[in-house]
Amino acid sequence: MADIIMAGFGGQGVLTAGKILIDVAAAEGKNVSWTSSYGAEMRGGTASCSVVVSEEEIGSPYPTKLDILLAMNEPSYDKFVPQMRDGGIVIVNSSLMSEREYPTNVKVYKVAATDLANSIENSRGANLVMLGAMMKTSKLMDADYFGKGLEEYFGRKGRSNPKNLECYQMGIDTVSEA
């Protein structure tokens, strides 16, 4: 089982990233839950979603300790990193983080998600860069399988764009340990 929080500013696509994750995980036969928190934050505060992916029945969609944190910005990192389990995985968007000391009880990975997405003129793809980084570092699902699921997700929505998969692959290729 993996208890996950994806967080960032409203408009960074964290809710969409969570929906993609549960869509692909469910297609693989896993049990999933997704809850969001955005309210007034849609105008620039921290928006987040909680995702649980499990082989077994899910007891609660609201984890008290996290296995994985995807932090799209510094305020999101600061808000949720105290909830990490020892040995958990934290992935930060280094494009929007200042230099800092990271905790030693978790594995921290950096990927310049915003910069990478902007470099191929797909500014809305930073969340997909982060998903690529998550698949590589967490091994939650096979990265190729997830990439195919990501393409299918956007295809069903009528939003197929080859740059989406390119962003995802950039996350896989460029994530590094902090």
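This dialogue walks through a predicted model, from its sheet to one helix and a few single residues.

Reader: Start with the sheet. In what order do the strands lie?

Author: A general point comes first. Strands of a sheet pair through backbone hydrogen bonds, either parallel or antiparallel. Here seven strands form an open sheet, in the order S2-S3-S1-S4-S5-S6-S7. The pairing is mixed.

Reader: Which strands stand at the edges?

Author: Strand S2 (31-37) and strand S7 (176-177). Each has a single partner strand, so one side of each is left without a neighbour in the sheet. S2 pairs with strand S3 (residues 46-54) in the antiparallel sense, over seven bridges. For a pair to look up, take Ser 37, whose bridge partner in S3 is Ser 48.

Reader: What packs on the sheet?

Author: H4 does. This helix touches strand S1 (2-9), strand S4 (66-71), strand S5 (84-93) and strand S6 (107-111). The direction of H4 makes about 145° with that of S5.

Reader: Where do I see the mixed pairing?

Author: Look at S1. S1 and S3 pair in the antiparallel sense over eight bridges. Gly 8 stands opposite Ala 47 in S3. S1 and S4 run parallel and are joined by four bridges. There, Met 6 has Leu 70 in S4 as its bridge partner.

Reader: How many residues of S1 are buried?

Author: Seven of its eight. S1 is mostly covered.

Reader: Now a residue in S3. Is Ser 50 buried or exposed?

Author: The cut-off for buried is under 20% relative accessible area. Ser 50 has 7% relative accessibility, so it counts as buried. This residue lies in strand S3. A polar atom of its side chain lies 3.2 Å from the backbone oxygen of Pro 61. Beyond its sequence neighbours up to four places away, Ser 50 touches residues including Ile 4, Ile 5, Trp 34 and Pro 63.

Reader: And a loop residue? Where is Gln 12 found?

Author: In the loop between S1 and H1. Gln 12 is buried, with a relative accessible area of 15%. Its side chain reaches the backbone nitrogen of Phe 9 at 2.6 Å. The side chain of Gln 12 also makes a polar contact with the side chain of Asn 73, at 3.4 Å. Leaving out residues up to four places away in sequence, Gln 12 touches Met 72, Asn 73, Asn 93, Leu 96 and Asn 127.

Reader: Next, a helix. What span does H5 reach?

Author: Compare the C-alpha span with the expected one. Helix H5 (residues 143-156) has 14 residues. From first C-alpha to last, H5 reaches 20 Å, close to the 20 Å expected at 1.5 Å a residue.

Reader: Which residues of H5 are buried?

Author: Phe 146, Gly 147, Gly 149, Leu 150, Tyr 153 and Phe 154. Seen down the axis of H5, these buried residues fall within an arc of 165°, so they line one face of the helix. The face turned away from that buried side carries the exposed residues Asp 144, Lys 148 and Arg 156.

Reader: What covers the buried residues of H5?

Author: The cover includes helix H1 (14-27), helix H4 (126-138) and helix H6 (162-174).

Reader: Check the ends. What caps the N-terminal end of H5?

Author: Asp 142. One of its side-chain oxygens lies 3.2 Å from the backbone nitrogen of Asp 144. After H5 comes Gly 158, with a positive phi near 75°.

Reader: What lies in the loop between H5 and H6?

Author: Arg 159 is one of its residues. Arg 159 is exposed, at a relative accessible area of 55%. Setting aside neighbours within four places in sequence, Arg 159 is in contact with Phe 154 and Asn 164. Its C-alpha is separated by 33 Å from that of Ser 98, 61 residues apart along the chain.

Reader: Last, backbone angles. Which residues other than glycine have a positive phi?

Author: Most residues other than glycine have a negative phi. Among the exceptions here is Glu 121, with phi near 55°. Glu 121 sits in the loop between helix H3 (113-119) and H4. With a relative accessible area of 69%, Glu 121 is exposed. Lys 139 also has a positive phi, of about 55°. Its place is in the loop between H4 and H5. Lys 139 is exposed, at a relative accessible area of 65%.

Conventions
Residues are numbered from 1 along each chain as its sequence is written. This is a predicted model: local features need pLDDT of at least 70, side-chain atom pairs count only at pLDDT 80 or more; totals for chains, interfaces and linings use all residues. Side-chain values use heavy atoms; hydrogens and water are left out. Helices (H or I, at least four residues) and strands (E, at least two) are DSSP runs, numbered from the N terminus. The expected span of a helix is 1.5 Å times one less than its number of residues. Buried means under 20% relative accessible area, exposed over 50%, partly exposed in between (1.4 Å probe, protein chains only). The arc is that of the directions from the helix axis to the C-beta atoms. Contact means heavy atoms within 4.5 Å. A polar contact is a pair of N or O atoms within 3.5 Å; within protein, one must be able to donate a hydrogen and the other to accept it, and residues adjacent in sequence count only if both atoms are side-chain atoms. Two strands pair if DSSP finds at least two bridges between them. Axes are lines fitted to C-alpha atoms, for helices over the stretch in contact, and angles run from 0 to 180 degrees between N-to-C directions.
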